[in-house]
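Biologist: I'm new to reading protein models. Could you walk me through one, feature by feature?

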Amino acid sequence: MSIQSMKEKEGLVEKNVRSILEEIGEDPQREGLLDTPKRVAKMYKEVFEGVGVDPSVALTTTFESEGYDGMVVVRDIDYYTFCEHHLIPFFGKAHIGYMPENRIVGLSKFARLVELTAKRPQVQERMTEQIASAIHDVLSPKGVIVTVEGQHLCMCARGVKKPGTSTVTTVKRGSFKEDKSLVREFERSIATT
């Protein structure tokens, strides 16, 4: 996308935020709101930068596993995203486990993968699936398991108003679907002590 096109889109977001402020009865010319449309446009550009990006690009550099066949677990990866139903934040932690076959990836790439899947309007179920699919498709491991925990402000701050409620989603592929002892080992390794 060209710089001109990006500026035009930011301008449209600013215009629409100004309209929303007017529609809810606010004065967008009020001192505290004067720069709000510009701030929101800048924030949206940042928090939705993953739209249209294949999350698998986070895993493009892989390495030979050199015979390692144990479980690899990366836990407590923080994420922040926006519920696609209300455009209100949800956030939490992602936990990833996989059993390498021939390829491994730098551990920081998992954090980047989670970040890329979160930087778009999202639902937790799809986010969990996208993370697992990217790992499965790129690394072809013996198995992969992804658990995502989330607190959804659409449930806590509006609607049913149940603060403190958590949602947990899990996707299992390969050996994690077949071997319950692997799942238990993964669950033990992500449990907080």
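Modeller: Sure, let's go from the overall layout to the sheet, then to a few single residues and the surface. Keep in mind that this is a predicted model.

Biologist: Let's start with the layout, then. How many helices and strands are there in the protein?

Modeller: You'll find seven helices and seven strands. Going from the N terminus, the elements come in the order α-α-β-β-β-β-α-β-α-β-α-β-α-α. The C-alpha atoms fit in a box of roughly 65 × 45 × 25 Å along the principal axes.

Biologist: And how many of the residues count as buried?

Modeller: Of the 193 residues, 39% count as buried. The cut-off you need here is a relative accessible area under 20% for buried and over 50% for exposed, with partly exposed in between.

Biologist: Next, the sheet. How do I read one?

Modeller: Here's the general idea: strands of a sheet pair through backbone hydrogen bonds, and they do so either parallel or antiparallel. In this protein, five strands make an open sheet in the order β5-β2-β3-β6-β7, and the pairing is mixed. The edges are β5 and β7 (167-174), each of which pairs on one side only.

Biologist: In which sense do β2 and β3 pair?

Modeller: Antiparallel: strand β2 (residues 72-83) and strand β3 (residues 89-99) share nine bridges. To see that on your screen, look for Val74, whose bridge partner in β3 is Ile96. Then look for Tyr79, whose partner in β3 is Gly92. The two strands form a hairpin, with five residues between them. In that turn sits Leu87, with a positive phi of about 50°.

Biologist: What about the other neighbour of β2? Is the pairing of β2 with β5 parallel or antiparallel?

Modeller: That pairing is parallel, over two bridges, and strand β5 covers residues 121-122. Cys83 stands opposite Gln122 of β5.

Biologist: How many bridges join β3 to β6?

Modeller: Ten, and β3 runs antiparallel to strand β6, which spans residues 143-152. Two pairs to look up here: Tyr98 stands opposite Val144, and Gly97 has Ile145 as its bridge partner in β6.

Biologist: Why is β3 described as largely enclosed by the rest of the structure?

Modeller: Because eight of its eleven residues are buried.

Biologist: Can we try a single buried residue? Where is Leu113 found?

Modeller: Leu113 is in helix α3, which covers residues 108-118. Its relative accessible area is 0%, so it counts as buried. You can also compare sequence and space: Leu113 and Val72 are 41 residues apart along the chain, and their C-alpha atoms are 16 Å apart.

Biologist: You mentioned a positive phi earlier. Which loop holds Glu66, and what is its phi?

Modeller: Glu66 lies in the loop between β1 (62-64) and β2. Its phi is near 55°, a positive value in a residue other than glycine. With 72% relative accessibility, Glu66 counts as exposed.

Biologist: Where is the place of Asp76?

Modeller: Asp76 is in strand β2. Asp76 isn't a glycine either, although its phi is positive, at about 60°. At 28% relative accessibility, this residue counts as partly exposed.

Biologist: Last stop, the surface. Which residues gather in the patch of positive charge?

Modeller: Look for Lys172, Lys177, Lys180, Arg184 and Arg188, which gather on the surface. Helix α7 (residues 180-190) gives the most to this patch, with three residues. Take Lys180 as an example: it is found in α7, and with a relative accessible area of 64% it is exposed.

Biologist: So let me retrace it. I read the sheet order as β5-β2-β3-β6-β7, I find Leu113 buried, and I find Lys180 exposed.

Modeller: That's it. On your next pass, start from the hairpin of β2 and β3, then step across to β6 through the pair Tyr98 and Val144.

Key:
Residues are numbered from 1 along each chain as its sequence is written. This is a predicted model: local features need pLDDT of at least 70, side-chain atom pairs count only at pLDDT 80 or more; totals for chains, interfaces and linings use all residues. Side-chain values use heavy atoms; hydrogens and water are left out. Patches are made of residues with over 30% relative accessible area and no salt bridge: like charges are joined within 9 Å, nonpolar side chains (Val, Leu, Ile, Met, Phe, Trp, Tyr) within 5 Å. Accessible areas come from the Shrake-Rupley method with a 1.4 Å probe; for residues, only the protein chains shown count as cover. A salt bridge is a side-chain nitrogen of Lys or Arg within 4 Å of a carboxyl oxygen of Asp or Glu. Lys and Arg count as positive and Asp and Glu as negative; His and the chain ends are not counted. The place of a charge is taken as NZ of Lys, CZ of Arg, CG of Asp or CD of Glu. Helices (H or I, at least four residues) and strands (E, at least two) are DSSP runs, numbered from the N terminus. Buried means under 20% relative accessible area, exposed over 50%, partly exposed in between (1.4 Å probe, protein chains only). Two strands pair if DSSP finds at least two bridges between them.
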